[in-house]
Amino acid sequence: MARGFRTFMSAMLKKIALSLLAVLVVAVLGLSAFVFGARPLKREPLQISAGNNPERIARGEYLAYTIGCVDCHSERDFKRYAGPPKSPLGAHGDCFDKGVGVPGVVCPPNITSDKETGLGNWTDGEILRAMREGVSRDGRPLFPLMPYGDLRTLSDEDALSIIAFLRTLPAASYKAPAPKLEFPMSVIVRLIPQPLTGPVQAPPKTDVAAYGKYLTTTKGCAFCHTTLDAQMQPIPGREWAGDNEMRGPWGIARSANLTPHATGLGDRTKENFIGLFRAFGNVEGELQPGSHNTVMPWPVYNKMTDEDLGIIDDYLKMQKPIDHVVDKFPTKPRV
């Protein structure tokens, strides 16, 4: 009798276990179908044209350099100070890996007008969606090293100006390797893109706080110079305190403290601030072996106008001072 009962219970437990396993499998399959079928969130590309207005192209050239499009999507010459971009511009960006916090390897794609490997067959609406909403032409989510989370604040006019300029880049054939992301980022990346829901306008330059935020967000200043945790998320209370470590062909570098504390920008004048860009952005010749180098793209940021740099300086002086000394060129990486 007891043996029969135990046999019965064993059979029941096996049946329950198999049922739970079946439910788990269905749930996993359902979640996978949801994530890979319904994500990333996206809208149809806008039917829009950037045109070829000379003024818009000129504005787009200024932005493509100072926002980082040319810098990131071109190979950089780290034999020279701050790694100025090399020709062909926009065709062969350096790959990013764990040295800069990427959980895998991501290589910037070709953004020249080449029809096979670049943007030649993309519509302006498809480029606009990728730039600000993080969805590629084929519906694939982009890794947020392409800073669409920040560029979603880029105004419609500025975004279209960049596209108008990119159309002028000579075609260069280069097929970037496909991204290789580690789990769970390979799944998480599908959940990040969010479609824009309406037009985007830039704030007026007269509103220094708003326009300063616009400039420092779209140009990537805030991302690099706000301390990030291991998941590359901003640490509350460490806005503009810097100290993010980046390792690559430039060696080891950490982003500077840009708060108005004595350990940051301190009481540096606006003229001093602008002068940093003019001085470091014009370093000539190759570096001596063993010299410090930096990932900070001084040569392209040096193209910013005194007006924009002045607004950025005014905006940074509005931030909370944070007492934090940064060793910008450490001899050893963090563990």
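**Exercise 1. Determine where Gly 242 lies in this predicted model and whether it is buried or exposed.**

Step 1. Gly 242 is placed in the loop between α9 (221-225) and β3 (245-248).

Step 2. The relative accessibility of Gly 242 is 0%. Buried means under 20%, so Gly 242 counts as buried.

Step 3. Leaving aside residues up to four places away in sequence, Gly 242 is in contact with His 225, Thr 226, Thr 227, Ser 255, Ala 256 and Asn 257.

Step 4. Val 325 is separated from Gly 242 by 83 residues in sequence, with a C-alpha to C-alpha distance of 9.3 Å.

**Exercise 2. Identify the residues of the largest nonpolar core that touch the most other members.**

Step 1. The largest nonpolar core has 51 residues, and those touching the most other members are Met 131, Ile 162, Phe 165 and Phe 277.

Step 2. Helix α6 (residues 156-166) supplies the largest share of this core, with 7 residues.

Step 3. Residues up to four places away in sequence being excluded, Ile 162 touches Gly 60, Leu 63, Ala 64, Ile 67, Cys 69, Met 131 and Leu 154.

Step 4. Another core, of 11 residues, lies apart from the largest one; Phe 96, Val 100, Phe 143 and Val 295 are among its members.

**Exercise 3. Classify the relative orientation of α8 and α12 and describe their contact.**

Step 1. The axes of helix α8 (residues 208-218) and helix α12 (residues 306-316) come within 8 Å, crossing at roughly 110°.

Step 2. Angles of 65 to 115 degrees count as roughly perpendicular; α8 and α12 are therefore roughly perpendicular to each other.

Step 3. Helix α8 contributes residues including Val 208, Tyr 211 and Leu 215, while α12 contributes residues including Ile 311, Asp 314 and Tyr 315.

Step 4. By class, this contact has 7 nonpolar, 2 polar and 3 charged residues.

**Exercise 4. Locate the partners of the salt bridges formed by Asp 124 and Arg 334, and state their burial.**

Step 1. The whole structure holds 17 salt bridges.

Step 2. Asp 124 pairs with Arg 167, their closest N and O atoms being 2.6 Å apart. Asp 124 belongs to helix α4 (residues 124-133), and Arg 167 to the loop between α6 and β2 (180-181), 43 residues apart.

Step 3. Asp 124 is buried at 11% relative accessible area, whereas Arg 167 is partly exposed at 32%.

Step 4. Arg 334 pairs with Asp 243, with the closest N and O atoms 2.7 Å apart. Arg 334 lies in the segment after α12 and Asp 243 in the loop between α9 and β3, 91 residues apart.

Step 5. Arg 334 is partly exposed at 37%, whereas Asp 243 is buried at 13%.

Notes. Residues are numbered from 1 along each chain as its sequence is written. This is a predicted model: local features need pLDDT of at least 70, side-chain atom pairs count only at pLDDT 80 or more; totals for chains, interfaces and linings use all residues. Side-chain values use heavy atoms; hydrogens and water are left out. Helices (H or I, at least four residues) and strands (E, at least two) are DSSP runs, numbered from the N terminus. Buried means under 20% relative accessible area, exposed over 50%, partly exposed in between (1.4 Å probe, protein chains only). Contact means heavy atoms within 4.5 Å. A nonpolar core is a set of buried Ala, Val, Leu, Ile, Met, Phe, Trp, Tyr and Cys residues joined through side-chain atoms within 4.5 Å. Axes are lines fitted to C-alpha atoms, for helices over the stretch in contact, and angles run from 0 to 180 degrees between N-to-C directions. Angles under 35 degrees count as roughly parallel, over 145 as roughly antiparallel, 65 to 115 as roughly perpendicular and the rest as oblique. Ala, Val, Leu, Ile, Met, Phe, Trp, Tyr, Cys and Pro count as nonpolar, Asp, Glu, Lys and Arg as charged, and the others, Gly among them, as polar. A salt bridge is a side-chain nitrogen of Lys or Arg within 4 Å of a carboxyl oxygen of Asp or Glu.
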